Each structure stands twice: as C-alpha cells, then as structure tokens.
Amino acid sequence: MRHVIAFSETLGLSWVSPFARLISGEDPRRQFRAILLEVGLPLAAIAVFLLFWSVAASSIRTSLGTLPGPAQTIEQAGAMWQEYRAEKAKEKLFYQAQIQRNAARLERNPSARTTAWTYNGKPTYLDQIKTSLVTVFAGFLVATLIAVPVGLVCGLSPTVMGALNPLIQVFKPVSPLAWLPIVTMVVSAVYLGEAAWMPKSFVISAFTVALCSLWPSLVNTALGVASIDKDFINVARVLRLPTSTRITRIYLPAALPLVFAGLRLSLGVGWMVLIAAEMLAQNPGLGKFVWDEFQNGSSVSLARIVVAVLTIGVIGFALDRVMVILQRLASFGRPVQA
Amino acid sequence: MSRPFLEIVQLEKSFETSRGKLTVLSGFDLNIQEGKFVSIIGHSGCGKSTVLSMVAGLEEPSDGNIVVGNREIEGPGPDRAVVFQSPSLFPWMSALENVLIGVDQVFPQATRSQRREMSAWQLSRVGLGKELDKKASDLSQGQRQRVGIARAFALRPRVLLLDEPFGMLDALTRAELQEVLLDVWARDKITAMMITHDVDEALFLSDEVVMMTSGPYARVGEIVPVNLPRPRARKDVLGHPDYYRLRRSLLEFLEGPASHSPGAPPDKKASGAKAA
C-alpha cells in the first residue's frame, strides 16, 4: 500500500492516496475528509460547469443550430465511436475479400502474381488522434535535439549566451501561425522526394511545432547549466576533470531537473501549437478534423468539434502528467510543482 | 629543520569593489613542515578561507607565492585535495561513485576493479563500508562529510586542505567526525591545512594553530605550537595539563586587540627590504 501511495504521488495523482490509506485502515475520519477535499470538490466543480454549460448552450443559437450541450456532445462522441467501429469492420471485410480473391486466383494458376492492396478508407477519429500524437512527438523530438545542446552551450559560455540571447528573445514569442507560411515554403522547396510515410503536411506541422516549442527547453537548459552549484565546479577543478566528463557527469545531471521542467513546458506548447498548425497545413490530425468539421457545417459539426476540444484537453493533460513523472525521476527527490 | 613542504610567501589578495580596491590579505607568510597538521583560526571575514582557496588554486593570488614541495603551484589539482565546508557531493551519484570519480582521474593506470576497491576501502575507513551504493542525496549530513573526507584521502594528495569541514554539522556529529578525520589522517600523515573558527577543534587536531589578524590587510598574527602527545584521544587531550593554557592563549588572542583592529597597508619599502 505504501508503494501505491508513493507511486500515485509520483504521478501527481494525490487524490488516490486517501483511498489507499483508507483501505489500509489509516485513521478513516481524516481520510474521508481528504477524499471530500481532493475528490468531492473537483467533482462538484465539474457538475457546476456541466450545468452552466447546458443552460448557456441551449440559449445560444448559431447558424448551425443551438450550441451543443453536454448531452449532444456525449451523443456525438458515441456516434463517432460507432463510425470508428463501422470503418474498422469495412476494413476487415476488405482484407478478407482480398485474401479470398488472391487465394482463388492462386488456385486457378499457382504462378499468378497477386497484389496486396492496403485499405484506403477515410481516417477515423482515432487515426487522427494518432497522427496528431506522432506529429507532436516528432516536432518535440526535433525541438529537444536542438534546444538541449544549444542550451548547454549557452549555459556553459556567457559569451554565447550573450550573443544568442536577443535572437532567442525575439523568436520566442512568435506565433505558429506566423511561422507556418515560411515553413511551408521552405519545406516545399527543400523536401522534394516526398515519402509516403512522411507526407509534406506532416513535415510542415512537425517543424512548426519544433520551432515554437524549442524555446522553453533551450532557456531552461541554459539556466540549469549556468546556475550549477559553484562547489560542484570547484570539485571538478580540483579533480582536473576533462570537459567531456564535466559535461556528462556533472553539468547535465545537475541541470536535469530544470531541463525536464523545460521539456514539460515545450511539450505543452507543442501540443497547443500543433492543432493550429494542422488546421492550416492540412496534416490529417485533430486540427484538420476541427477545421473540416467547421467547413462541413452540418447540424452535428459543433458537437463533434466540442468532442475534439475535450479530446485535445485530455490528451494535453495526459502528456503533462507523463512529463511530471519524468521530471520527478530526474529531480533526485527534490519536490516538483505539479 | 628541513625546508618547509608548504610555503606561503607574502601572499596578497585584493578585490575591485564599487568603492575601490579592497585588500583582504596582505603580507601573509606561513610555512608548514611535511606531515604536520596546521589549523588557521580567525574571525569570520578575515580572509582565512581565501588563503585556502588560493593554496587550492581555486583563486588567483593578487601577489605572492605558494610553493608545495619545492614547486610553485599552478591552478587547482588533485595533489591538493579539498574538503569543502558543504560536502559538495554529486547527489545523483552513489557514495562510491563520488569517490571513484576522483580515483579514476588520479589513477588512470589502475584497473577498474582496483579503483573500485581503493574507493571502497577509503569509504570503509570513514565508517561507510556498508553504504557504498547509497545515493549521496540519501545520506545524512554527517555521512556526506565522511564521503567528502574519503574522497579527499582517496586522491593520495600531497596536501590536504580542509575549509571549515565540520562547520555545518551539529556538535555531536562534529565531535564524531573530528575523531574520524584524526584517525584517518594519523595513518597517512598527509600535510594538512585546516580553516576553522572552533578553538577546541583546532587544538584537538593540530600540531600548530595559526591565528590571523582581522581584515582588511589580514596576515598571520601569532602561531601557537600544540605539543600534545599523539595519538590523541579526546579524553586525554581535555585532561592534559597544557590544554587549558593553550586554549586560554588562543582565546586571549582572538578576543584581544590584535585580532580586532584592522591592519594597515604594509610599508612596501620595509617588506621589499626583507625579501632582499
């Protein structure tokens, strides 16, 4: 039970621990109070929000009908799940038919050449979520590969920091919408042999994410390396450690908690930016889904967009939790703000 | 008497401040014989830690020379191991790795397992034989400083520099660690220089206690030899007839005018004549 409590606290899910404590029989009155505070209160707030939402939504009339309330949204989420199931069933049928067709052809003529087609149905909502996740991680990876080494150099050398600081400060606040046209043109000019597994729209979205999300990691890495304990440097000097050892065994580990804090911010920024980038670059992810539904303008479009909004929020929250765990693991037991 | 192993000659340290040049130390002379344990004691801010930093090579002297074993020092190096006031262990490494990182550097010709063995042995000497693989961040403050001591001895330095090594510990742990240090030092007999502001600590550990005048222009005020027999046990030291006489002479200096009145810039001509 101790492990459950410690683990849930690493996850930042502090509301699990009163339940675990209650099960292990620890002072029930205090645990009930904790449950009331940590679980009851947020649930109440959600209930109030849902109530407010349904009342407010029903009184706003748009050109696409009334704004969807919680009920319509859940209904649409169900419908979208059914669409996904139907699409999967169609895909299964397609492959079954193909296997049968090829088998029949081989029976007639054993040396016949058979072709295996891939199913080319329209992407389901889950496919779009997957595309978005792959894109954001690709962009985040590129951002990390640039930000951490550059941040390291900036942190080690005040001269480099002084040189790059104006550029960093100017580029940091630029919106993804401003980057996108430039990235689009550059990618179109440079990335010629378009591979099927890496379409242009994906590259454009990923690079836009990278451009916007690398700044927090860069600044935090630089700060982490620059603010290293002076005593650590003195130990390294007394031991005459070579630069490579200093970086790998002292500077990077010392900066790790701040590096991860930066990566966490970067991933959060990246996820926000991605939706906008996908809308404009037409990368088949959640952003394109929202845009298509908006253009579609059917009576259920708004409800489908609300489902997407909630999905984006939940995934963003989950990504943040993952980063919090990594950050805690990198912090050697020092507390981390959840 | 042979030539001193550690010679500090006319050491000076000054800083540029917003209100002009501040000379912390000036005309600081000190000789330490090989294998002796010498403590430097003085009021806070008198610049005693600065002296140690300069001997370690972590700070550049403004003027003067520091010679170890007939050779002038050049920057920091593992031949002058330092035990810092805060243990300064790398918290992401285990106790063993914290010692090993220095041993790897100083004994590159030894095999990996030999170096591990050396490090483990040094840790067992300070009573941490069972905590080798504990993360430094999981050790108590006292245990951390034990690792700090082991790390310094593991370098097999020619000079051991201790910068108020027990200043951050509670009284009981401090007494315990003084004994650990004395025990390890007594076997290796490394020339040692310790900065402290604790009179009893200085007397218990040292062969000589050097008292500094207050800054600015701080220098050596008085040197008191401590001829208490070794090996020393605390009970015997406290019961020794000379102990309270020594203690009183230290306190008299520290409370007297010499350690309180700031020094004046030395007469350049006079010191020049002396050097010639």
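**Exercise 1.** In this predicted model, determine which residue of strand 8 of chain B stands opposite B:Ser39, and then work out how strand 3 of chain B is placed among its neighbours.

*Solution.* Begin with B:Ser39 itself, which stands opposite B:Met194 in strand 8 of chain B. Next, look at the pairing of the strands, where strand 3 and strand 8 of chain B run in the parallel sense over 5 bridges. Then turn to strand 9 (residues 208-212) of chain B, which pairs with strand 3 of chain B, again in the parallel sense, over 4 bridges; here the bridge partner of B:Ser39 is B:Val209. Finally, consider the cover of strand 3 (residues 37-41) of chain B, in which 5 of 5 residues are buried. B:Phe37, B:Ser39 and B:Ile41 point one way from the strand, while B:Val38 and B:Ile40 point the other way.

**Exercise 2.** Find the strand order of the open sheet of 4 strands in chain B, and state which strands of chain B are touched by helix 1 of that chain.

*Solution.* The strand order in chain B is 2-1-4-5, with antiparallel pairing. At the edges stand strand 2 (20-32) and strand 5 (71-72) of chain B, each of which pairs on one side only. Helix 1 (residues 48-56) of chain B packs on this sheet and touches strand 1, strand 2 and strand 4 of chain B, its direction making about 115 degrees with that of strand 1. Within the sheet, strand 1 (residues 6-17) and strand 4 (residues 63-68) of chain B are joined over 5 bridges in the antiparallel sense, and B:Leu6 has B:Val68 of strand 4 as its bridge partner.

**Exercise 3.** Explain why the salt bridge between A:Asp320 and A:Arg264 ties together parts that are apart in sequence, and then examine the salt bridge that B:Lys13 forms with B:Glu59.

*Solution.* Side chains of opposite charge can pair when their charged atoms come close. In the salt bridge of A:Asp320 with A:Arg264, the closest N and O atoms are 2.9 Å apart. A:Asp320 belongs to helix 12 (residues 301-329) of chain A and A:Arg264 to helix 10 (residues 243-281) of chain A, so the pair joins parts that are 56 residues apart in sequence. A:Arg264 has a relative accessible area of 15% and is therefore buried, whereas A:Asp320, at 23%, counts as partly exposed.

For B:Lys13 and B:Glu59, the closest N and O atoms are 3.9 Å apart. This pair links distant parts of the chain, with B:Lys13 in strand 1 of chain B and B:Glu59 in the loop between helix 1 and strand 4 of chain B, 46 residues apart. B:Lys13 is buried because its relative accessibility is 9%, while B:Glu59, with 25%, is partly exposed.

**Exercise 4.** Decide whether B:Glu164 and B:Lys189 count as buried or partly exposed, and describe the backbone at each of these residues.

*Solution.* B:Glu164 lies in the loop between strand 7 (159-163) and helix 5 (171-188) of chain B, and its phi is near 40 degrees, a positive value in a residue other than glycine. Since buried means under 20% relative accessible area, B:Glu164 at 10% relative accessibility counts as buried. B:Lys189 is in the loop between helix 5 and strand 8 (191-196) of chain B; its phi is positive as well, about 50 degrees, although B:Lys189 is not a glycine. With a relative accessible area of 42%, B:Lys189 is partly exposed.

Conventions. Residues are numbered from 1 along each chain as its sequence is written. Chains are lettered from A and ligands numbered from 1 in the order in which they are written. This is a predicted model: local features need pLDDT of at least 70, side-chain atom pairs count only at pLDDT 80 or more; totals for chains, interfaces and linings use all residues. Side-chain values use heavy atoms; hydrogens and water are left out. Two strands pair if DSSP finds at least two bridges between them. Helices (H or I, at least four residues) and strands (E, at least two) are DSSP runs, numbered from the N terminus. Contact means heavy atoms within 4.5 Å. Axes are lines fitted to C-alpha atoms, for helices over the stretch in contact, and angles run from 0 to 180 degrees between N-to-C directions. Buried means under 20% relative accessible area, exposed over 50%, partly exposed in between (1.4 Å probe, protein chains only). A salt bridge is a side-chain nitrogen of Lys or Arg within 4 Å of a carboxyl oxygen of Asp or Glu.
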